[in-house]
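This report describes the surroundings of the bound ligands and one of the pockets. The sequence and the structure are shown first.

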Amino acid sequence: MHKYDKDRALVDRQILTDRQGEVMDRPGRVGDKSFYIESYGCQMNFADSEIVASILADIGYSATASMDSADLILINTCSIREKAEDTVRKRLRIFDKAKRRRPGTLVGVLGCMAERLKKKFLEEERLVDMVVGPDAYRDLPALLASAEEGQKGINVLLSREETYADVAPVRLNSNGVSAFISIMRGCDNMCSFCVVPFTRGRERSRDPYSVIAEASQLYEQGYKEVTLLGQNVDSYQWSHEESGESVNFARLLGLVADIGPDLRVRFSTSHPKDITDEVLHTIAAYRNICDYIHLPVQSGSSRILSRMNRTYDREWYMERVESIYRIIPDCAISSDIITGFCGETEEEHRETLSMVEWAGYTMSYMFYYSERPGTLAARKYEDDVDLATKKRRLAEVIDLQRTVSHQHNLRDVGKTMEILLEGRSKKSDRHWKGRNSQNKIVIMPMMDGYAIGDYVDVKISDTTSATLLGDIIQKSQYSS
Ligand code: SAH
Ligand code: SF4
Ligand code: F3S
């Protein structure tokens with residue numbers, strides 16, 4: 001029932017933050033060699049590490065959590081802010097020591113920083129044996145072979161077609177409940193502050209058959225949640241070469257949601273200029289498409305948005321938020337915010353603060369502006385807001401967001417909601433953590449008769465600004 005092949009017409013079937021460096025591991029060895037991988041940056045980078053693990057598994061490499069015993073040390077890098085790149089360089093110093101302890105260990109730099117710095121990396125960082133850009137992972141076996149011969153390897157070619165559609169990701173650090181599925185790569189927007197179009201290349205959508213097949217397979221393996229990933233999921237667009245049949249994001253969402261009523265579907269990231277009512281109506285129509293949209297505003301000021309080249313203004317953004325709340329009344333909205341962008345005045349900063357309050361974000365990823373070399377903003381505008389002001393404005397946004405999140409959470413106290421149990425609480429081994437449809441983290445005491453992966457009805461008794469607390473009442477309708 002969940003098998004797809006390319007010849008079958010889709011119409012027949014009733015049937016897509018910054019994380020800190022994480023060591024990604026999967027127990028069990030598939031070959032006689034091992035690799036250690038640390039991933040930085042966005043979820044797409046984490047998903048890419050799973051593609052890399054798959055490509056390496058084919059040549060006998062398995063993942064290990066031990067840097068010291070690895071034959072190959074990889075770091076999947078992020079260039080989004082200067083700090084992200086500084087972290088990578090610090091990690092390379094640590095790898096240097098590991099390499100000295102165990103001569104012959106190879107070190108490879110993957111991802112966005114590899115793409116941005118290219119050959120410079122090999123010149124600057126002598127311990128690095130391989131530099132591999134995000135579209136060149138299929139070349140890893142060849143690059144590894146030459147690195148083993150003492151030949152440093154580099155492939156940073158960007159592609160217009162590569163989606164790794166046929167590469168079955170090897171899930172790393174999986175809880176067996178939620179998984180990420182990349183539905184597109186690259187970005188065609190040119191936000192003036194952003195390095196992604198330079199590090200990830202042109203936007204391309206993955207064929208829907210392979211997306212649905214991957215999601216179906218995860219469902220059959222017992223996964224309960226998939227998150228469809230892209231820098232701008234709303235511009236997902238795929239057309240069948242022969243039939244001309246086309247699939248947009250709304251349709252893809254529906255197709256994935258049809259896989260099973262107990263498969264939660266999430267997606268990230270939506271772009272305010274592209275999110276359509278059709279997508280909103282699709283979310284409203286499916287119980288299992290989560291009532292949660294990450295809709296980064298970046299700034300609340302139309303003048304700054306124009307400088308940022310976001311191609312929408314404050315009014316447009318507000319209209320989109322109103323439509324979300326109208327079509328999906330219980331929808332939670334979160335955001336990304338940059339403080340102290342070139343030329344931002346105090347008044348414009350206050351417009352960002354008022355937006356946080358007005359939109360009622362359940363949470364936001366908040367940053368101060370970090371100029372990136374080669375971007376439009378770096379060429380066109382002066383980075384003229386001093387660091388102390390950037391940081392002060394950031395602290396103000398963070399404070400306000402904390403209050404707004406808390407207020408939002410207070411409205412949940414007393415309610416009973418469906419939670420997907422995802423794992424143990426980090427702070428207590430007698431508590432579980434899960435999330436509700438709105439993507440809020442809920443902590444509750446463990447109870448006999450329930451297990452990770454169950455859907456449970458939880459009565460919310462208390463809250464902090466970030467986390468809801470409650471107690472399990474019963475298994476919910478969709479629990480297996
Ligand atoms: N495609 C997503 C964003 C991906 S990058 C979108 O368009 O919303 C994640 C976030 O990092 C951005 O939303 C932005 O808030 C932040 N960011 C990107 N470049 C930055 C820079 N130069 N300085 C500070 N923050 C930045
Ligand atoms: Fe960067 Fe803008 Fe593309 Fe997001 S949409 S990845 S911020 S260029
Ligand atoms: Fe960073 Fe590249 Fe993602 S720059 S945010 S890892 S696309």
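## The second largest pocket

Strand S18, spanning residues 416-424, contributes the most to the lining of the second largest pocket, supplying three residues. The model is a predicted one. The second largest pocket encloses about 530 Å³ of space, and 28 residues line this pocket, those closest to its centre being Asp 291, Asp 330, Asn 436, Ser 437 and Gln 438.

Sorted by class, the lining of the second largest pocket comprises twelve nonpolar, seven polar and nine charged residues. In general, empty space left among atoms is revealed by rolling a probe the size of a water molecule over them.

## Ligand 1: position and shell

Ligand 1 is surrounded by 15 residues, the closest of which are Gln 231, Gln 298, Arg 310, Asp 336 and Ser 370. The shell around ligand 1 is made up of seven nonpolar, four polar and four charged residues.

Ligand 1 lies between domain 1 (1-13 + 174-290) and domain 3 (294-411), because both domains give residues to its shell. Two strands, S16 (332-339) and S17 (363-368), each provide at least two residues of the shell around ligand 1.

## Ligand 1: polar contacts and burial

Oxygen atoms of ligand 1 are approached by polar side-chain atoms of Arg 81, at 3.1 Å, and of Gln 298, at 2.6 Å. For Gln 231, an N or O atom of the side chain lies 2.8 Å from a nitrogen atom of ligand 1. The protein buries 92% of the 540 Å² that ligand 1 exposes when taken alone.

## Ligand 2

The residues around ligand 2 are Cys 187, Asn 189, Cys 191, Phe 193, Cys 194, Val 196, Pro 197, Gln 231, His 271 and Arg 310. By class, six residues of the shell around ligand 2 are nonpolar, three are polar and one is charged. Gln 231 and Arg 310, listed here around ligand 2, are also among the closest residues to ligand 1.

## Ligand 3

Around ligand 3 are Cys 42, Asn 45, Thr 77, Cys 78, Ser 79, Ile 80, Cys 112, Val 196, Arg 200 and Gln 231. The shell around ligand 3 consists of five nonpolar, four polar and one charged residue.

Domain 1 (1-13 + 174-290) and domain 2 (31-155) each give at least three residues to the shell around ligand 3. Val 196 and Gln 231 belong to the surroundings of ligand 3 and also to those of ligand 2.

Note on methods. Residues are numbered from 1 along each chain as its sequence is written. Chains are lettered from A and ligands numbered from 1 in the order in which they are written. This is a predicted model: local features need pLDDT of at least 70, side-chain atom pairs count only at pLDDT 80 or more; totals for chains, interfaces and linings use all residues. Side-chain values use heavy atoms; hydrogens and water are left out. A residue is near a molecule or strand if one of its heavy atoms lies within 4 Å of it. A polar contact is a pair of N or O atoms within 3.5 Å; within protein, one must be able to donate a hydrogen and the other to accept it, and residues adjacent in sequence count only if both atoms are side-chain atoms. Accessible areas come from the Shrake-Rupley method with a 1.4 Å probe; for residues, only the protein chains shown count as cover. Helices (H or I, at least four residues) and strands (E, at least two) are DSSP runs, numbered from the N terminus. Ala, Val, Leu, Ile, Met, Phe, Trp, Tyr, Cys and Pro count as nonpolar, Asp, Glu, Lys and Arg as charged, and the others, Gly among them, as polar. Domain bounds come from an automatic or database domain assignment. On a 1 Å grid over the protein atoms alone, a cavity is a set of points where a 1.4 Å probe fits but cannot get out, and a pocket is an open set with protein on both sides within 12 Å along at least five of seven lines; lining residues have an atom within 4 Å of a point. Grid points are joined across faces, edges and corners, and a volume is the space filled by probe spheres set on the points.
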